[in-house]
Amino acid sequence: MAQNPFPLGKDELLKAYRTMRTIREFEERLHVDFAKGDIPGFVHLYAGEEACATGIMMHLNDNDRIASTHRGHGHCIAKGVDVHAMMAEIYGRSTGACRGKGGSMHIADLSKGMMGANGILGAGAPLICGAALAAKVRGDRGVGITFVGDGASNQGTFLESLNLAAVWNLPVVFVVENNGYAESTAMEWAVSCDSYVDRATGFGMPGVTVDGTDFFAVYEAAGEIIRRARDGGGPALLECNMVRFYGHFEGDAQTYRAKGELEAIRASRDCLTILSERVIEAGVIGRDELQAIDREVNALIEDATRAAKAAPLPAPEDLLRDVYVAY
Amino acid sequence: MSRKISMKQAINEALDLEMRRDPTVIVMGEDIVGGTGAQGEDDAWGGVLGVTKGLYAKHGDRLMDTPLSESAYIGAAVGAAACGLRPVAELMFLDFMGVCFDQIFNQAAKFRYMFGGKAETPVVIRGMVGAGFRAAAQHSQMLTPLFTHIPGLKVVCPSNAYDAKGLLIQSIRDNDPVIFCEHKNLYGLECEVPAESYAIPFGEANVLRDGDDVTIVSYGLTVHRAMEAAATLAKDGTEAEVIDLRTLSPIDWDTIVESVERTGRLVVVDEAHPRCNLATDIAAFVGQNAFGALKAGVQMVTAPHTPVPFAPSLEDLYVPSADTIAAAARRTLSPKGARSIAA
């Protein structure tokens, strides 16, 4: 076996690959089952963006908090939320992460530091400032990570939170997942600045842009700014340039894309392929080892789907439960 | 030990006592310390009207000035609550709710339900409400019906210093998000308040005056107008029962219905605008649950369906007066009461 040229050991690399593959299979399965009409509501898939969530979350523990977006499945899986509970939630079952009352856009697991996917764009940024404030008050070295797309990066909540985090010197990392589209509207048109680094500078914090399809680039950049935040160095912004393999939501015909764009990004910018080829070429991990993980992940997703479909629906009395802690 | 203090002092005292009791209680807001980063005194303001004055000296950095950035810091209070702190965030004037309401009604209010009963968000958003301060249309509203409409929020509006202290202590200890509405024209009003700590449970209205002829229900400033009206009515031999709701979510339906079943007549007074407010809510509830007891149509006395005017002469007409409340009570007592409509 060749010498490992990567910043992670083999076990960690396998873990990263497994996480990314789990996200991919989870989303591909939802894509298929949504088209069949099995899934209520609407879902926003993270396929193509796996390297970002995984490269960041590898640096976090359960005491660190994240605030996610409408496109939150990948963040959940990378933060350690149970895949069975997620699938059951998306199917609206009582065994779901939120007992079926949240759905795809509101999966949360506070015990894992996952403060919720969020249906309101940009709403996670103030919340994560609060999570980081709580960590700072307790002095427990926890950090908060909030994700926004390039679209929600224009929300006032996000911009106000950049300022607040800088003023209060909070341990927050603002991650802009720039997949080029706010729903159907191009980032080049809707975002007034040329670079998110400029925007970070304007708020008095460092900003870094990385290729979000390169797991190692995300991992290394995130590691540095997360360490800095953890050590009291204050907030930072990380822009991950990435690609979205599906539409804004399932059912989106994506007529706004250029001809051949989807085929091109799948062929050249698939973060899973990029990671696989790197580790195989370096001789650190064998193709057969990755394929073994693929089989295990497929079985996991199959089992989660089967279990979700078989799980009981919420009871009618659940309609009125849990509005308040105390009535 | 009990002594006379103002509602403003009572709120300050509640914050002080809870910060002493529980290290997870933090207080944040615009200028609640005052002068942060400036060259002059520490604790320069203690809030725009001095409600938090002196707390910084006692509790230091647990009082945090914020940038003028309501969405960010109200959301931060909500996020910190979801992560184990008990933040009290001052939203100077609750009219500013429009800037940050998403963090309250889409986030704080929904976490528990939306996350399957697994979240607690013990945050208190407190701030000024109400007209009569010559503060004009954007600093004077009684927006309580916006808050009571939202499941997951608790809504409190005290009418006096004693209640303000006990209800704020309960609000901070409560594990649900609470909107604590402080009528700015009551800040200076004094009453006997114990020095020690006490909590007033939510959902328990206060019967301020017993009477068998007509029930008057209100909250906040107009409770005092209702008491004035009751005194006027008593001169004519009419005894009004006056109920101060104290909390609007939850609301004490039992006390209202029990009273109406005895008096057969109801006047509901609300400083909010007339559509879909507490008055309409209570009238509807009584109509559905105590219709048989009613001897006359329910009278609703509210602010008009207008923004709050600036001109003092107009603003004085805006807030329900003791005279209008007394007139409404007399309508329920007139032979035509059963068919009357609001004046």
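Biologist: What comes after H5(A), and what is the sign of its phi?
Modeller: A:Gly139 follows H5(A), and its phi is positive, near 70°. This is a predicted model: local features need pLDDT of at least 70, side-chain atom pairs count only at pLDDT 80 or more, and totals for chains, interfaces and linings use all residues. Residues are numbered from 1 along each chain as its sequence is written, while chains are lettered from A and ligands numbered from 1 in the order in which they are written.

Biologist: Why is H5(A) called a helix?
Modeller: Helices are DSSP runs of H or I with at least four residues, strands are runs of E with at least two, and both are numbered from the N terminus. H5(A) covers residues 124–138, which is 15 residues. So the run meets the helix rule.

Biologist: How do you know what span to expect of H5(A)?
Modeller: The expected span is 1.5 Å times one less than the number of residues. For H5(A) that gives 21 Å. From its first C-alpha to its last, H5(A) reaches 21 Å, close to the expected value.

Biologist: What makes H5(A) largely enclosed by the rest of the structure?
Modeller: Burial is a count of other C-beta atoms within 10 Å of a residue's own, placed from the backbone: 20 or more is buried, 12 or fewer is exposed, and in between is partly exposed. In H5(A), 13 of the 15 residues are buried, so the rest of the structure largely encloses this helix.

Biologist: What does A:Cys129 touch?
Modeller: Two residues are in contact if their C-beta atoms, placed from the backbone, lie within 7 Å. Leaving aside neighbours within four places in sequence, the contacts of A:Cys129 include A:Ser161 and A:Leu164, and on chain B they include B:Ala72 and B:Gly79.

Biologist: Which elements of chain A touch chain B?
Modeller: In total, 35 residues of chain A are in contact with 35 residues of chain B. H5 and helix H6 (156–167) of chain A are the elements that give two or more residues to the chain A side. H5(A) gives the most, with nine. By class, this side has 21 nonpolar, eight polar and six charged residues. Here Ala, Val, Leu, Ile, Met, Phe, Trp, Tyr, Cys and Pro are nonpolar, Asp, Glu, Lys and Arg are charged, and the others, Gly among them, are polar.

Biologist: Why is chain B called as compact as a globular protein of its length?
Modeller: Chain B has eleven helices and 14 strands. Its radius of gyration is 20 Å, and the globule rule gives 20 Å for 343 residues, so chain B is as compact as a globular protein of that length. The radius is taken over C-alpha atoms, and the rule is 2.2 Å times the number of residues to the power 0.38. Of the 343 residues of chain B, 56% are buried.

Biologist: How many residues do the two domains of chain B bring to their contact?
Modeller: Chain B is assigned domain 1 (2–194) and domain 2 (206–339). These bounds come from an automatic or database domain assignment. Their centres, over C-alpha atoms, are 28 Å apart. Domain 1 brings 25 residues to the contact and domain 2 brings 24.

Biologist: Why is B:Thr144 called buried?
Modeller: B:Thr144 has 26 other C-beta atoms within 10 Å, so it passes the cut-off for buried. It sits in helix H5 of chain B. Among its contacts beyond four places in sequence are B:Val155, B:Cys181 and B:Leu248.

Biologist: Why is A:Gln254 called partly exposed?
Modeller: The count for A:Gln254 is 13 other C-beta atoms within 10 Å, so it falls between the cut-offs for exposed and buried. A:Gln254 lies in the loop between strand S7 (236–241) and helix H10 (261–268) of chain A. Its phi is positive, about 55°, although it is not a glycine. Most residues other than glycine have a negative phi, and most peptide bonds are trans.

Biologist: What makes B:Cys276 partly exposed?
Modeller: B:Cys276 has 14 C-beta neighbours inside 10 Å, so it too lands between the cut-offs. Its phi is also positive, about 50°, although it is not a glycine.

Biologist: What kind of peptide bond joins B:Ser249 and B:Pro250?
Modeller: The bond is cis, with omega about 0°. B:Pro250 is in the loop between strand S12 (247–249) and helix H8 (253–263) of chain B.
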